[in-house]
Amino acid sequence: MLMACAEQPEFDLHKVSAHLQLAFVNFFSGNLETSLTLSKAAHRLYQHERSGPLAARYGQDPGPTAYAQASLTAWQLGQVDLALEYARTAWTLPQEHDDPFTQAAGGVYLTLVHIARREREKARQVAEQTLALCEHQSFVAWGNQAKVAYGWTLADGSATTAEGLAMMQEGLGQLAQVGSAIGAPMFVSLLVEALMVAVMHEVA
């Protein structure tokens, strides 16, 4: 139905968003190949001059968001270099158009890809920048996701581990308070991993 509506001439502007939403649905349904195909279609259709203004309606620019979604999908499919390329685009493209909310989303996705690649220092740098951006702009959901990710980078068994665990628990708690459940299993798994590291190093 969504794609059929987007095919109508009067809704042509919304084709990128239609492909993006279907990419989300297929990702969370486990249809990864289909999700990535839809994200790539959104990439091809995207022109900021036409689709960018939709950020005012949807909250995020659908073009960079499609790159963000594709980054996690590509990672799940084992396309690790492509995942990083997509995530970097999701982070940098909104900066070019002065779109802090979409940039915050891209920062979270890029951090998660760096975490998945076990690039802790790179993840820390992006997470720190994203968290600062979110705190400045009062972006609650993305800010608390960035807080969880940043906390993970600190919980490495060193002296910053306790601080990192506290940040992760605070971020997860605040996400629960505002009812933000998307991605919760991923962030909880990061906390479990961090707790295991803390126990191994006896710093919990």
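Hi everyone, let's start with the largest pocket, which has a volume of about 710 Å³. Of the 27 residues that line this pocket, the closest to its centre are Phe24, Phe28, Tyr109, Trp142 and Ile182. Before I go further, please keep in mind that this is a predicted model.

Which elements give two or more residues to that lining? They are α2 (15-28), α6 (62-76), α8, α10 and α12 (184-200). The largest share comes from α2, with 6 residues. As for the character of the lining, 19 of its residues are nonpolar and 8 are polar, while no charged residue takes part.

Let me stay with two of those central residues, Tyr109 and Trp142. The model has 4 aromatic pairs by the rule used here. In one of them, the rings of tyrosine 109 and tryptophan 142 have their centres 6.3 Å apart, and with their planes at 55° the pair is tilted. Tyrosine 109 belongs to helix α8 and tryptophan 142 to helix α10, so this pair ties together parts that are 33 residues apart in sequence. Are these two residues buried or exposed? Tyrosine 109 has a relative accessibility of 11%, so it counts as buried, the cut-off for that being under 20%. Tryptophan 142 also counts as buried, at 12%.

While we are on α2, have a look at histidine 19, which is in that helix. Histidine 19 is buried, with a relative accessible area of 11%. What does its side chain reach? The side chain of histidine 19 reaches the backbone oxygen of lysine 15, at 2.8 Å.

Now for the second largest pocket. Its volume is about 180 Å³. Its lining includes Leu72, Trp75 and Gln76, along with Leu112, Val113 and Ala116, and also Met186, Leu190 and Glu193. The elements that give two or more residues to this lining are α6, α8 and α12. How do the lining residues divide by character? There are 8 nonpolar, 2 polar and 2 charged residues in the lining of the second largest pocket.

Two of the residues I just named, Val113 and Ala116, also come up when we turn to helix α7. Alanine 87 lies in α7, and at 0% relative accessibility it counts as buried. The C-alpha atoms of alanine 87 and valine 113 are separated by 7.1 Å, although the two residues are 26 residues apart along the chain. Valine 80 lies in helix α7 too. With a relative accessible area of 31%, valine 80 is partly exposed. Its C-alpha atom is separated by 9.0 Å from that of alanine 116, and here the two residues are 36 residues apart along the chain.

Let's move on to a loop. Aspartate 61 has its place in the loop between α5 (55-58) and α6. Is aspartate 61 buried or exposed? At 2% relative accessibility, aspartate 61 counts as buried. Its side chain reaches the backbone nitrogen of glycine 63, at 3.1 Å.

There are two more loop residues that I'd like you to find, and here the backbone is the topic. Aspartate 98 lies in the loop between α7 (80-96) and α8 (100-116). Its phi is near 50°, which is a positive value in a residue other than glycine. Serine 138 has its place in the loop between α9 (120-137) and α10 (140-154). Phi of serine 138 is near 60°, again a positive value in a residue other than glycine. What about accessibility? Aspartate 98 has a relative accessible area of 67%, and since the cut-off for exposed is over 50%, it is exposed. Serine 138 counts as exposed as well, at 58% relative accessibility.

One last stop, for those who like charges and rings. Where does the charged end of arginine 120 sit? It sits over the ring of tryptophan 152, 4.0 Å from the ring's centre.

So, if you open the model after this meeting, here is a short route. Begin at the largest pocket, with Phe24 and Ile182 among the residues closest to its centre. Next, look at the tilted pair of tyrosine 109 and tryptophan 142. Then go to the second largest pocket, where Val113 and Ala116 are among the lining residues. Finish at the loops, with aspartate 98 between α7 and α8 and serine 138 between α9 and α10. Thanks for listening!

Technical notes. Residues numbered from 1 in each chain as written. Predicted model: local features only at pLDDT ≥ 70, side-chain atom pairs only at ≥ 80, totals over all residues. Heavy atoms only, no water. Helix = DSSP H or I, 4+ residues; strand = E, 2+ residues; numbered from the N terminus. Buried < 20%, exposed > 50% of the residue type's maximum accessible area, 1.4 Å probe, protein only. 1 Å grid on protein atoms, 1.4 Å probe; cavity = no way out; pocket = protein on both sides within 12 Å on 5 of 7 lines; lining within 4 Å. Points joined across faces, edges and corners; volume = space filled by probe spheres on them. Nonpolar A, V, L, I, M, F, W, Y, C, P; charged D, E, K, R; others polar. Phe/Tyr/Trp six-rings, centres within 6.5 Å; stacked < 30°, edge-to-face > 60°. Lys NZ or Arg CZ within 6 Å of the ring centre and 35° of its normal. Polar contact = N/O pair within 3.5 Å; in protein donor to acceptor, adjacent residues only side chain to side chain.
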